[in-house]
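Let's take a stroll through this protein model. Have the sequence and the 3D view open as you read.

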Amino acid sequence: MKRILFSSITGALAFALILSGCSSKKRTSIDPGRNSTATGIAYSKDNKGKKPKKGQAQQADGFQVNAFKGQPAGPNLVYIEGGRFTMGTVEEDVTYSRDNLERTVTVSSFYMDETEITNLHWLEYLHGIQKDSSQEFYETALPDTTVWMNKLSFNDQFTEQYLRYPGFRLYPVVGVSWVQASDYCKWRTGAVNGEMAARFGPKAKTSKRDRSAPTTEAPQAKAGGRLAIETGNVLPGYRLPTEAEWEYAAKAMIGTQYMDENQSSQRIYPWDGSSMRKPKGGQKGTMLANFKRGRGDFAGIAGRQNDGGIITMEVYEFPANDFGLYNMAGNVNEWVYDVYRPNSFQDVNDLNPIRRSDYLDEESLYDKKGFNSLIDNKLRVYKGGSWNDVAYWLSPGTRRYLDQDSSTATIGFRCAMIAIGPKGKRKL
């Protein structure tokens, strides 16, 4: 009898320990549990797609919690872990602009394209909008191929061939304005989320009784061709990166960290050292970026070219930086989101800084109408240096500006996207 009583007590204690262990398990956004911690009511469908445990009633019209494995990385996107960094010019200010003095800021984690947007990407965009947009909008989306024209230079082959010839497919698209680049980001958001809706959304099923009569799963709300945000199978909007995000991603200081929060050195370029050449290895001495070495020298001499790029090069041609991003220096400059102001470093928030407008630095202060300044609210920042720039402009801290409706043969772009919640393991 004593043995039976002892066994019963031991079993009860073990069961209690198991229950306490289960109840102490911390819930997360990826694993929120089977029932609400606020009401105790079982979710209509738990995050793993399983039925509630025995004894927990499942209501057909109950609150639904979908399976979620973290934000997936969109096509061509690389995860950039956020952090603190010193933003601003580290090179000598040879232009005496003093418009990007050093300051410490923090940037949240985000995603960025590993390459510049290519001609092939842009032709896909033109194909897409030609089917579902007006002819007028299609024509406004065409790059300005005349940016290659120069009365004193024979660039006819680039004017006619650069955008559409197959040999230039993976070259960065140029001749696009800031406005055109922003329109592309909006289209890409819709295209990617539409593809995700087709891939992960509810699909028609055939009834077992009547194979010819299709039935559907419980519908999930859609808005603008995408699935509901609650499903987790929808991405935030693509956009141009902010200047702070771009500079943070270009420097890739994560590669200089050696202990705790210590970093070995500041970076002038997206790689270590002050040289433009690879310092060691089998390709020692080769150029790390596509830029103009000096007056009249775009690629070096035949047979021993220094970077091989007389104009632009393919987007995977040079080594990626420590974040896995290609051509964050050279090849083409890149548009960023920010409106240009010379005092942006003063009017700054130290968390995710951005200048969206003329707040605290009004357009009227610059008197463009009186021809005393070029500055207005349509000037946008571009960064990174290009095939037609000397090495000075390849430093991430340097900045220039151009009207948002203008374009050149030296400016392209890449897209960015916010990172929300836990990082996912899926890549679309």
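A residue counts as buried when its relative accessible area is under 20%, and as exposed when that value is over 50%; anything in between is called partly exposed. Keep in mind that what you're looking at is a predicted model.

**A helix tucked away**

With that cut-off in hand, look at helix α6, which covers residues 243-251. How many of the residues of α6 are buried? The count is 9 of the 9, so α6 is largely enclosed by the rest of the structure. The buried set includes W246 and Y248, and E243, E245, E247 and K251 belong to it too. Right after the helix comes A252, whose phi is positive, at about 50°.

**The sheet beside it**

What does α6 lie across? Helix α6 lies across strands β2, β5 and β18, and it runs at about 75° to β5. These 3 strands make an open sheet, in the order β2-β5-β18, with antiparallel pairing. Since β2 and β18 each have a single partner strand, they stand at the edges, so one side of each is left without a neighbour in the sheet. Going from one strand to the next, the twist averages 25°.

Now zoom in on one of the pairings. Strand β5, made of residues 110-113, pairs with β18 over 3 bridges, in the antiparallel sense. If you find M112, you'll see that it stands opposite A416 in β18.

**Two residues to compare**

Here's a small table for two spots elsewhere in the model.

| Residue | Where it lies | Relative accessible area | Class |
|---|---|---|---|
| T159 | helix α4 | 18% | buried |
| L170 | loop between α4 and α5 | 32% | partly exposed |

Start with T159. Leaving aside residues up to four places away in sequence, T159 touches T145, W148 and M149. How far apart are T159 and A409 in sequence and in space? They're 250 residues apart along the chain, yet their C-alpha atoms are 10.0 Å apart in space.

Next, L170. The loop that holds L170 runs between α4 (156-161) and α5 (178-200). Why is L170 classed as partly exposed? Because its relative accessible area is 32%, and that value falls between the 20% and 50% cut-offs. On the surface, L170 joins L120 and Y316 in a nonpolar patch, and together the three have about 250 Å² of accessible area.

Notes. Residues numbered from 1 in each chain as written. Predicted model: local features only at pLDDT ≥ 70, side-chain atom pairs only at ≥ 80, totals over all residues. Heavy atoms only, no water. Patch = residues over 30% accessible without salt bridge, like charges linked within 9 Å, V, L, I, M, F, W, Y side chains within 5 Å. Areas by Shrake-Rupley, 256 points an atom, 1.4 Å probe, with all protein chains shown as cover. Salt bridge = Lys/Arg side-chain N within 4 Å of Asp/Glu carboxyl O. Helix = DSSP H or I, 4+ residues; strand = E, 2+ residues; numbered from the N terminus. Buried < 20%, exposed > 50% of the residue type's maximum accessible area, 1.4 Å probe, protein only. Contact = heavy atoms within 4.5 Å. Pairing = 2+ DSSP bridges. Axes fitted to C-alpha atoms, helices over the stretch in contact; angles between N-to-C directions.
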